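Me: I would like to work through a protein model with you, one question at a time. Please show the sequence and structure to begin.

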Amino acid sequence: MTAGAGAPLRKVLVIFAHAAPQRSRVNRRLAQAARSVPGVELVDLYETYPDFYIDVAAEQDNLADAAALVFLHPIQWYGMPSLLKEWVDTVLVPGWAYGAGAEALRGKHFWLVASTGSPAEAYAPDAAHGHHFDAFLPPYRQIAALCGMEWIAPHILHGAHQSSEETLGAHVDAFAARLSALTAA
Ligand SMILES: Cc1cc2nc3c(=O)[nH]c(=O)nc-3n(C[C@H](O)[C@H](O)[C@H](O)COP(=O)(O)O)c2cc1C
């Protein structure tokens with residue numbers, strides 16, 4: 001993969017999980033932006049696997065030659081949508097993703113890109129969600145760590161429904177710029 005006469009691009013794999021993209025304001029825009037970045041490949045999980053039956057070998061092949069893995073999704077019940085969890089459960093298996101001799105994901109970057117319906121202030125000990133948002137990140141961080149992947153600070157948009165067009169646009173632009181940087185990293 002190359003960009004004109006420049007250095008070869010590294011593949012960045014975005015796993016996009018939104019159960020109702022037709023109603024999405026934020027993640028659909030982010031997915032569109034990702035598709036337009038050279039070197040980025042996006043898998044729309046709910047479109048590809050509406051029956052939840054994931055082609056594990058195909059997903060592992062797709063991941064094997066990527067330099068970075070990105071999860072793109074709305075936060076649902078403090079975590080990832082169920083089909084993405086199914087992807088994690090079936091694709092990141094012992095002996096391939098982690099454990100003795102497993103090297104498939106070692107050294108790749110891992111980036112969480114997610115949105116919340118609630119505003120940032122709702123994520124605090126004395127507020128609706130009882131904890132700062134970072135308190136919900138350990139499962140993601142540990143998935144990356146166990147597989148030997150390098151953690152990139154998450155790109156989170158809080159208050160997804162209320163955010164201004166300007167804020168959303170800046171968030172999408174920053175996402176695309178970082179994706180582009182990852183293809184060159
Ligand atoms: C089943 C479900 C669970 C949700 N759980 C949370 C949650 O735990 N915390 C939160 O802030 N928002 C939650 N939301 C709101 C979504 O995160 C929000 O609608 C989404 O980030 C907006 O992105 P979109 O415009 O791409 O759909 C939930 C939404 C759904 C449908």
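The questions below go through the sheet of this predicted model and then its ligand.

Me: In what order do the strands of the open sheet stand?
Reply: Strands of a sheet pair through backbone hydrogen bonds, either parallel or antiparallel. In this sheet there are 5 strands, and the pairing is parallel. The order is S2-S1-S3-S4-S5.

Me: Which strands stand at the edges, each with a single partner strand?
Reply: A strand with a single partner has one side left without a neighbour in the sheet, so that is the feature to look for at the edges. The strands in question are S2 (40-44) and S5.

Me: What does the twist average from one strand to the next?
Reply: The twist concerns the step from each strand to the next in the open sheet of 5 strands. Its average is 15°.

Me: Which residue stands opposite Val-14?
Reply: Strand S1 covers residues 12-16 and pairs with strand S3, residues 68-74, in the parallel sense over 5 bridges. The residue opposite Val-14 is in S3. That residue is Val-70.

Me: Over how many bridges do S4 and S5 pair?
Reply: S4 runs over residues 109-115 and S5 over residues 150-157, and they pair in the parallel sense. In this pair, His-109 stands opposite Glu-150 of S5. The number of bridges is 6.

Me: Which helix makes a β-α-β unit with S4 and S5?
Reply: The unit made by the two strands and the helix is right-handed. The helix consists of residues 138-146. It is helix H5.

Me: How many residues of the shell around the ligand are charged?
Reply: The ligand is surrounded by 17 residues, and the closest include His-18, Ser-24 and Arg-25. Of the shell, 7 are nonpolar and 9 are polar. The charged count is 1.

Me: What percentage of the ligand's exposed area does the protein bury?
Reply: Oxygen atoms of the ligand lie 2.7 Å from a polar side-chain atom of Asn-27, 2.9 Å from a backbone N or O atom of Val-26 and 3.0 Å from a polar backbone atom of Tyr-78. Taken alone, the ligand exposes 640 Å². The protein buries 74% of that.

Notes:
Residues numbered from 1 in each chain as written. Predicted model: local features only at pLDDT ≥ 70, side-chain atom pairs only at ≥ 80, totals over all residues. Heavy atoms only, no water. Near = heavy atom within 4 Å. Polar contact = N/O pair within 3.5 Å; in protein donor to acceptor, adjacent residues only side chain to side chain. Areas by Shrake-Rupley, 256 points an atom, 1.4 Å probe, with all protein chains shown as cover. Nonpolar A, V, L, I, M, F, W, Y, C, P; charged D, E, K, R; others polar. Pairing = 2+ DSSP bridges. Helix = DSSP H or I, 4+ residues; strand = E, 2+ residues; numbered from the N terminus. Right-handed = clockwise from strand over helix to strand, strands pointing away. Axes fitted to C-alpha atoms, helices over the stretch in contact; angles between N-to-C directions.
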